[in-house]
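Trainee: Please pick one part of this model and take me through it closely. I would also like to hear how that part fits into the whole.

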Amino acid sequence: MQSALRIETKVLPGNKIEINLPDNTLSTSVGQTVEVIVLLPEQPQLVRQNILEWIEQTRSRGTLRSAEEINRNLQAERDSWDN
C-alpha cells in the first residue's frame with residue numbers, strides 16, 4: 001500500500017522549498033527516492049470585460065447621478081460642517 005504524507009512549507013529565497021519528514025514516518029530511509037508533488041494555491045481568475053460593456057451595464061443599473069445632483073450632495077455635506 002502506498003503511503004502519503006501532507007506537509008505544508010514556505011517558499012524560501014531562490015524559489016526553494018525544504019521538507020523535513022517527521023521522525024515517526026514509516027518505511028523511509030536515507031537515500032530512498034520519494035515523489036514530491038507541489039500544489040500551488042489557486043489564483044483568482046480575473047474577469048476581463050469590454051469597457052463599453054461595463055459602461056452599458058453601469059448605465060442600465062440606473063445608479064448614475066447627474067453632475068448637478070453630485071454637486072448638491074457635496075454642497076449639503078459642506079454645509080453640514082458649519083453646524
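**The segment before helix 1**

Mentor: N15 lies in the segment before helix 1 (51–60), where helices (H or I, at least four residues) and strands (E, at least two) are DSSP runs numbered from the N terminus. Before we go on, note that this is a predicted model, in which local features need pLDDT of at least 70 and side-chain atom pairs count only at pLDDT 80 or more, while totals for chains, interfaces and linings use all residues. Residues are numbered from 1 along each chain as its sequence is written, and side-chain values use heavy atoms, with hydrogens and water left out.

Let's stay with N15 for a moment. Its phi is near 55 degrees, a positive value in a residue other than glycine. N15 counts as exposed because its relative accessible area is 71%, and exposed means over 50%, buried under 20% and partly exposed in between (1.4 Å probe, protein chains only).

A4 and L40 belong to this segment too. A4 is exposed at 80% relative accessible area, and L40 is exposed at 71%. A4 also has a partner to compare in space: its C-alpha atom is 9.7 Å from that of E35, although the two residues are 31 apart along the chain.

L40 contributes to a nonpolar surface patch of about 920 Å², together with L5, I7, V11, I17, I19, L21, V34, V36 and V38. Such patches are built from residues with over 30% relative accessible area and no salt bridge, joining nonpolar side chains (Val, Leu, Ile, Met, Phe, Trp, Tyr) within 5 Å and like charges within 9 Å. The areas come from the Shrake-Rupley method with a 1.4 Å probe, and for residues only the protein chains shown count as cover.

Now for charge. Side chains of opposite charge can pair when their charged atoms come close. A search of the whole structure finds 1 salt bridge, meaning a side-chain nitrogen of Lys or Arg within 4 Å of a carboxyl oxygen of Asp or Glu. It joins the side chains of R6 and E8, with 3.1 Å from N to O. Both ends are exposed: E8 has 67% relative accessibility and R6 has 70%.

N50 also lies in the segment before helix 1, and it caps the N-terminal end of that helix, with a side-chain oxygen 2.7 Å from the backbone nitrogen of L52. At 39% relative accessible area, N50 is partly exposed. Just after helix 1, G62 takes a positive phi of about 70 degrees. Looking further along, N50 and S80 are 30 residues apart in sequence and 40 Å apart in space, C-alpha to C-alpha.

Here is the whole around this segment. The protein has 2 helices and 0 strands, and buried residues make up 1% of its 83 residues. Its radius of gyration is 29 Å, against near 12 Å for a compact globule of 83 residues; the radius is taken over C-alpha atoms, and the globule rule is 2.2 Å times the number of residues to the power 0.38. The C-alpha trace spans about 75 × 40 × 30 Å along its principal axes. Of an accessible surface of about 9,000 Å², 52% belongs to carbon and sulfur atoms.

Definitions and conventions:
Polar contact = N/O pair within 3.5 Å; in protein donor to acceptor, adjacent residues only side chain to side chain.
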